[in-house]
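Subject: Handover of a structure and the findings from it

Dear colleague,

Please find below the structure that I am handing over to you. I would be grateful if you would read the notes beneath it with the structure open.

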Amino acid sequence: NNGKLILDPMNACTFRQEQYEWLINKALDFSSKGADKTNWQTVVFSHISFAPGFNAAPCSVNANGVELDDNGNVVISGGSPVLCENGVYKAIYAFKTGSLLSYSHLDNWQEGRATIAQRDSQGNPMTDGQGNLIPVTKDFSSQGAMTLIGVFSGHEHLYKNLDYNGIIFRT
């Protein structure tokens with residue numbers, strides 16, 4: 001509205017609510033394919049990787065060997081967190097395994113532009129009355145487990161390779 005950028009394109013690596021909902025409700029929804037859905041295979045492309053632990057500048061490592069910043073975000077090269085990447089990973093995992101997705105992310109950075117939660121009619125994140133975000137949910141169980149060939153990204157301009165919980169990530 002004011003001619004200024006909503007997010008800093010050099011320092012804000014994020015998946016926004018609209019992108020997240022498109023991913024889970026459109027791109028990964030094969031319910032309209034009927035019995036034919038078992039013949040489909042999926043490849044996911046993303047500029048920025050959301051693979052746990054794909055980074056060049058770790059701040060800390062959790063018990064699973066995933067590198068995190070001080071706020072618990074997975075870190076990418078240069079030490080910049082990819083906001084909401086855990087939710088994107090969880091969406092891909094739920095799609096692949098045919099399971100329930102439930103995810104929310106509170107972002108107090110960049111005016112909350114990367115907050116993911118159920119929204120009210122005005123587009124505001126909804127809470128449970130105790131300040132906790134009501135998560136976005138998607139039940140992939142009726143769709144069943146789907147074939148995911150892999151997840152590919154290119155931001156880092158180098159080759160990285162990870163097989164994490166049966167999901168192949170490549171840069």
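The notes that follow describe the chain as a whole, then its salt bridge, a lysine without one, and two groups of strands.

Please bear in mind throughout that this is a predicted model.

Overall composition

The protein chain contains two helices and 10 strands. Their order along the sequence is β-α-β-β-β-β-α-β-β-β-β-β. Of the 171 residues in the protein chain, 39% are buried. Among contacts with a separation of 6 or more, 58% are between residues 24 or more positions apart. The accessible surface of the protein chain amounts to about 9,600 Å², and carbon and sulfur atoms contribute 49% of that area.

The salt bridge

Searching the whole structure yields one salt bridge. Its partners are Lys138 and Asp29, whose closest N and O atoms are 3.5 Å apart. Lys138 belongs to strand 7 (residues 136–139), whereas Asp29 sits in the loop between helix 1 (17–27) and strand 2 (41–46), so the pair ties together parts that lie 109 residues apart in sequence. The two partners also differ in their exposure class: Lys138 is buried, at a relative accessible area of 16%, while Asp29 is partly exposed, at 23%. The cut-off that separates these two classes is 20% relative accessible area.

A buried lysine without a salt bridge

Lys37 is also located in the loop between helix 1 and strand 2. Which side chain of opposite charge is nearest to Lys37, and how far away is it? The side chain in question is Asp29, at 8.1 Å. A salt bridge requires the nitrogen and the carboxyl oxygen to be within 4 Å, and Lys37, although buried, has none. With neighbours within four places in sequence set aside, Lys37 is in contact with Phe30, Ser142, Gln143 and Met146.

Strands 6 and 7

Strand 7, which carries Lys138, pairs with strand 6 in the antiparallel sense over four bridges. Lys138 itself is the bridge partner of Leu101. Side chains alternate along strand 6 (residues 100–103). Leu101 and Tyr103 point to one face and are buried, whereas Leu100 and Ser102 point to the other and are not.

Strands 8, 9 and 10

Strand 10 (residues 167–170) likewise has alternating side chains. On one face are Ile167 and Phe169, which are buried; Ile168 and Arg170 point to the other face and are not buried.

Strand 10 pairs with strand 9 (residues 161–164) in the antiparallel sense, over four bridges. Asp163 has Ile168 of strand 10 as its bridge partner. These two strands form a hairpin with two residues between them, and Asn165 in the turn has a positive phi of about 50°.

Strand 10 is also joined to strand 8 (residues 147–153) by two bridges, and in this case the strands run parallel. Here Phe152 stands opposite Arg170.

Asp163 also features in one further separation. Its C-alpha atom is 9.2 Å from that of Ala51, although the two residues are 112 residues apart along the chain. Ala51 is in the loop between strand 2 and strand 3 (60–61), and it counts as buried at 1% relative accessibility.

Yours sincerely,
A colleague

Technical notes: Residues are numbered from 1 along each chain as its sequence is written. This is a predicted model: local features need pLDDT of at least 70, side-chain atom pairs count only at pLDDT 80 or more; totals for chains, interfaces and linings use all residues. Side-chain values use heavy atoms; hydrogens and water are left out. Buried means under 20% relative accessible area, exposed over 50%, partly exposed in between (1.4 Å probe, protein chains only). Two strands pair if DSSP finds at least two bridges between them. Lys and Arg count as positive and Asp and Glu as negative; His and the chain ends are not counted. Contact means heavy atoms within 4.5 Å. Accessible areas come from the Shrake-Rupley method with a 1.4 Å probe; for residues, only the protein chains shown count as cover.
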